[in-house]
Amino acid sequence: MSSHRIHSVRFYNPEPSAIHCISYEKHTKRLALSRSDNSIEVWDLSHTPHIDRVIQSSDNISVESLVWCNGRLFSSGLNGMVTEYDLLTLLPKYSTPVTSGPCWCLAIDWQKTTIAAGTEDGYINLFQIMDDSILYDKILDKQEGRIMCLAWEATGDRIVTGSEDAVRIWNVKTGHAIHKMTTGRAMTSRPTIVWCVTVTDDFTIITGDSRGKLCMWDGNSGTNIASHQSHKADVLCVCLDDQQTTVYAAGVDPLIATFERIQLKSDSNKWVRSIQRRIHDHDVRALAYCHGKL
């Protein structure tokens with residue numbers, strides 16, 4: 001009987017970690033994302049998308065928000081710190097504490113000069129972006145409940161925040177809330193959480209909440225323009241295209257819903273439902289629009 005040589009093969013079966021948040025920088029074409037294992041991946045999307053570098057976490061604190069500013073990467077998390085990373089050494093350069101508790105969200109103004117940070121106890125911290133650090137600037141009035149999301153208005157004079165049962169508009173100079181728009185509740189005993197917010201150049205505010213609704217607000221008057229039952233469960237993320245005429249939304253219900261702004265004969269605008277796609281089988285926690293691709 002002839003002998004046979006047997007070669008044993010073991011295949012590597014990777015188990016990817018869930019993505020928590022995404023931030024895309026247009027002019028460098030780099031995408032940063034954080035995963036549930038607390039690592040941060042930087043992807044190069046200039047040609048074929050690929051992982052450029054990975055920043056491993058030095059502790060067990062999750063990264064809840066990421067933002068880019070002129071090639072510099074900042075993050076915030078449950079440790080209550082705003083951290084900038086050295087993209088050469090792949091280590092934190094420094095960490096700056098925020099006022100009171102975990103930091104859930106970050107946003108940079110359109111002029112790339114100021115970072116706003118929303119915290120667990122309802123404070124908005126503002127930091128000036130310096131050449132090699134960030135410098136604490138001021139704090140806005142305290143609100144009730146945690147700030148889950150925030151976004152800057154185009155002029156940099158106002159900030160929009162989302163929290164339990166309300167969307168607020170803040171005057172940056174005075175530090176006061178100038179409008180409070182209530183969302184309503186699907187059930188009387190269960191608060192509505194505004195998970196995500198984005199703002200257009202004409203100050204139309206778009207929010208997604210725990211009722212599965214996508215709402216449009218007039219930021220100048222503080223009134224509701226439209227409300228769409230876009231999903232069956234929480235809407236966790238929204239994003240706009242470059243022309244700001246199309247908004248994409250997804251969440252616990254992984255359906256990616258698209259709404260487009262159309263011009264009516266009366267010179268007014270209306271947001272209407274467009275294409276719907278079910279690409280994922282699990283929660284979608286973040287969306288980013290990258291040069292015509294979602």
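This presentation goes through the strands, the sheets and the cysteines of one predicted model.

Let me begin near the N terminus. The UniProt record, in an unreviewed entry, places the feature "repeat: WD" at residues 12–53. In the model, that stretch is 0% helix and 52% strand, and its end C-alpha atoms are 21 Å apart.

Within this part of the chain I would draw your attention to strand E2, residues 30–35, where 6 of the 6 residues are buried. The burial applies to both faces of E2: Arg30, Ala32 and Ser34 lie on one side, Leu31, Leu33 and Arg35 lie on the other, and all are buried. E2 pairs with strand E1, residues 19–25, in the antiparallel sense over 6 bridges. In that pairing Ile19 stands opposite Arg35 of E2. The two strands form a hairpin with 4 residues between them, and Lys29 in the turn has a positive phi of about 55°. E2 is also joined to strand E3, residues 40–44, by 5 bridges, and these two strands run antiparallel. Here Ser34 stands opposite Ile40 in E3. The hairpin of E2 and E3 likewise has 4 residues between the strands, and in it Asn38 takes a positive phi near 75°.

I turn now to the sheets. One open sheet has 4 strands in the order E9-E10-E11-E12, with antiparallel pairing. Strand E9, residues 103–108, and strand E12, residues 134–139, are at the edges; each has a single partner strand, so one side of each has no neighbour in the sheet. From one strand to the next, the twist averages 25°. E9 and strand E10, residues 114–119, pair in the antiparallel sense over 5 bridges, and Cys103 stands opposite Thr119 in E10.

A second annotation belongs here. UniProt, again in an unreviewed entry, places the feature "domain: Anaphase-promoting complex subunit 4-like WD40" at residues 114–190. That span is 0% helix and 52% strand in the model, with its end C-alpha atoms 35 Å apart.

Inside the span is Cys149, in strand E13, residues 149–152. Cys149 is buried, with a relative accessible area of 6%. Although Cys149 and Val194 are 45 residues apart in sequence, their C-alpha atoms are 7.6 Å apart in space. Beyond residues up to four places away in sequence, Cys149 touches Cys105, Val160, Thr161, Gly162, Val194, Trp195, Cys196 and Val197.

Next, a loop residue. Thr192 is placed in the loop between strand E16, residues 177–182, and strand E17, residues 194–199. Is Thr192 buried or exposed? It counts as buried, at 1% relative accessibility. Its side chain reaches the backbone oxygen of Gly184 at 2.7 Å. Sequence neighbours within four places aside, the contacts of Thr192 include Ser163, Glu164, Asp165, Arg185, Asp209 and Arg211.

The loop leads us to another open sheet, of 4 strands in the order E17-E18-E19-E20, where the pairing is antiparallel. Its edges are E17 and strand E20, residues 223–229; each has a single partner strand, so one side of each is left without a neighbour in the sheet. In this sheet the twist averages 20° from one strand to the next. Strand E19, residues 213–218, is joined to E20 by 6 bridges, and the two run antiparallel. Cys215 stands opposite Ser227 in E20.

Further along the chain, Thr246 is found in strand E22, residues 246–251. At 8% relative accessibility, Thr246 counts as buried. Leaving out neighbours within four places in sequence, Thr246 is in contact with Cys239, Leu240, Asp241, Thr258, Phe259, Glu260 and Trp271.

I close with the cysteines. How many disulfides does the structure hold? The number is 0. Why is Cys69 without a bond to Cys103? Its sulfur is 16 Å from that of Cys103, the closest cysteine sulfur, which is too far for a bond; the cut-off for a disulfide is 2.5 Å. Cys69 is itself buried, at a relative accessible area of 1%. Cys215 is likewise in no disulfide, and the nearest cysteine sulfur, that of Cys196, is 10 Å away. Cys215 also counts as buried, at 2% relative accessibility.

Definitions and conventions: Residues numbered from 1 in each chain as written. Predicted model: local features only at pLDDT ≥ 70, side-chain atom pairs only at ≥ 80, totals over all residues. Heavy atoms only, no water. Buried < 20%, exposed > 50% of the residue type's maximum accessible area, 1.4 Å probe, protein only. UniProt positions renumbered as here; feature names shortened; annotations may be inferred. Pairing = 2+ DSSP bridges. Axes fitted to C-alpha atoms, helices over the stretch in contact; angles between N-to-C directions. Polar contact = N/O pair within 3.5 Å; in protein donor to acceptor, adjacent residues only side chain to side chain. Contact = heavy atoms within 4.5 Å.
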